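User: Hi! I am new to this structure and would like to learn how to read it. Could you walk me through a few features?

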Amino acid sequence: MKKLYFIAILLNTTICFGQTTLKTKAAQQAEQLKDKVIAWRRDFHANPELGNHETRTAGIIANHLKALGIEVKTGVAKTGVVGLLKGGKPGPVVALRADMDGLPIIERTAVPFASKIKSTYNNAEVGVMHACGHDTHVAILMGVAEILSSIKKELHGTVKFIFQPAEEGAPFGEEGGAELMIKEGVLANPKVDAIFGLHINAQTEVGKITYRPGGTMAAVNDMQIVVKGRQAHGAYPWSSVDPIVVSAQIINSLQTIVSRNINVTENAAVVTIGSIQGGNRSNIIPEQVTMLGTLRALSTEDEKTLIERVKTIATKTAEAAGATAEVKIPLSVRYPVTYNDPKLTEKMLPTLQATAGAANVLLRPAVTGAEDFSFFQEKIPGLFIFLGGMPKGQDPLKTAAHHTPDFYVDESGLTLGVKALCNLTLDYMAGK
């Protein structure tokens with residue numbers, strides 16, 4: 001028995017020593033690939049594509065993976081690319097994910113590789129911009145693929161590279177993103193044991209990584225509320241059932257949901273009406289008003305509460321006024337909570353600290369933004385981290401936010417992202 005125990009310890013020590021050597025090699029290669037990763041990023045930035053239309057991006061990725069000797073599957077969830085790298089030694093299957101799509105925003109930055117691309121979105125011509133940093137995610141994961149493929153004979157397991165379309169949401173009426181990739185079997189054949197992903201952050205200083213166990217990003221549901229009343233001349237409002245007044249009452253009442261129904265000492269929540277459309281003249285009370293909005297919650301229970309309260313408030317307020325309200329939640333988009341598995345997070349925290357330095361790995365508060373990486377985390381343990389992209393010395397309250405025309409990323413932080421994903425993979429395979 002003691003002999004078997006000694007052999008097990010010796011084997012584990014050998015694997016750990018081997019992984020340390022591999023991590024050293026990976027770190028050296030990450031430094032050597034710095035300019036290459038930045039060049040990829042700039043090319044993708046200058047040529048962004050909207051969700052479910054990332055054909056150019058997917059083609060570059062697929063060609064790169066094939067050149068590395070990685071098994072490649074294209075056309076997953078419309079334009080997604082999946083690469084499979086089988087290590088030379090047995091071990092777990094680790095998935096690494098990067099999203100590929102841009103946003104319908106006209107770029108305003110002064111960088112020489114700024115996007116000039118135009119496209120069509122919701123039947124309107126729009127500019128297209130990587131205003132959330134997905135171009136950096138793709139470039140980073142391409143670098144990781146190059147490094148890990150160079151040491152595949154020494155890998156204790158298999159790596160699945162997931163390049164995902166439509167994280168920002170598929171075009172209206174279409175499926176897409178992580179949810180569709182899962183439906184099409186991206187987490188099977190071989191079955192994935194754990195998944196890692198990262199997101200660049202323009203309000204976090206370069207060289208730093210932030211994380212949070214448990215709920216780190218919110219569940220999101222978009223919604224539509226259609227209020228129907230009775231049309232009348234604006235001079236005779238008593239002849240109407242005014243859907244504009246009813247909508248105003250609904251909007252005001254919706255603001256009580258977070259303040260009165262959600263325990264804000266535990267989790268934040270958001271109820272936002274972002275669009276209200278009704279009427280076309282000053283002297284006509286219209287028959288109908290349509291409102292669009294978003295709900296954000298950091299727990300499944302709070303998500304259910306928000307949905308139930310919105311439906312009750314809208315329908316009953318309308319009923320009290322003699323109108324009707326039709327509520328659709330979700331209208332087209334629903335992402336669950338981005339939930340970092342606490343055990344996996346605890347297990348991999350030393351890896352992040354060793355990679356970036358303990359002082360540079362910071363616990364972050366939960367945020368009410370959303371990520372469809374959450375669909376992967378519903379199926380398997382996952383860890384989603386944030387990578388600093390703000391130039392050193394800048395004020396995060398004054399830097400351009402994500403999803404804005406002036407969004408900017410300091411590319412010197414990309415190498416840390418490459419190292420982090422490599423080390424998370426290697427250490428997970430070593431059982432650390």
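User: Leaving aside its neighbours within four places in sequence, which residues is Val-226 in contact with?

Analyst: Happy to help! Please keep in mind that this is a predicted model. Contact here means heavy atoms within 4.5 Å. By that reading, Val-226 touches Gln-288, Val-289 and Thr-290, and also Thr-324, Ala-325 and Glu-326. Val-289 is 63 residues apart from Val-226 along the chain, yet their C-alpha atoms are separated by 5.8 Å.

User: Where is Val-226 found, and is Val-226 buried or exposed?

Analyst: Val-226 sits in strand 10, which covers residues 219-228. A residue is called buried under 20% relative accessible area. Val-226 has 7% relative accessibility, so Val-226 counts as buried.

User: Now to sheets. What is the order of the strands in the open sheet of eight strands?

Analyst: Read from one side to the other, the order is 1-2-6-3-7-19-8-18, and the pairing is mixed. Strand 1 (71-76) and strand 18 (361-363) are at the edges; each has a single partner strand, so one side of each has no neighbour in the sheet. On average, neighbouring strands are turned by 25 degrees against each other, direction ignored.

User: In what sense do strand 8 and strand 18 pair?

Analyst: They pair in the parallel sense, over three bridges. For instance, Ile-209 has Val-361 in strand 18 as its bridge partner.

User: Which strands does helix 3 lie across?

Analyst: Helix 3 (residues 55-67) lies across strand 1, strand 2 and strand 6, and runs at about 10 degrees to strand 2. Helix 4 (residues 134-150) packs on the sheet too, and its direction makes about 160 degrees with that of strand 3.

Note on methods: Residues are numbered from 1 along each chain as its sequence is written. This is a predicted model: local features need pLDDT of at least 70, side-chain atom pairs count only at pLDDT 80 or more; totals for chains, interfaces and linings use all residues. Side-chain values use heavy atoms; hydrogens and water are left out. Helices (H or I, at least four residues) and strands (E, at least two) are DSSP runs, numbered from the N terminus. Buried means under 20% relative accessible area, exposed over 50%, partly exposed in between (1.4 Å probe, protein chains only). Two strands pair if DSSP finds at least two bridges between them. Axes are lines fitted to C-alpha atoms, for helices over the stretch in contact, and angles run from 0 to 180 degrees between N-to-C directions.
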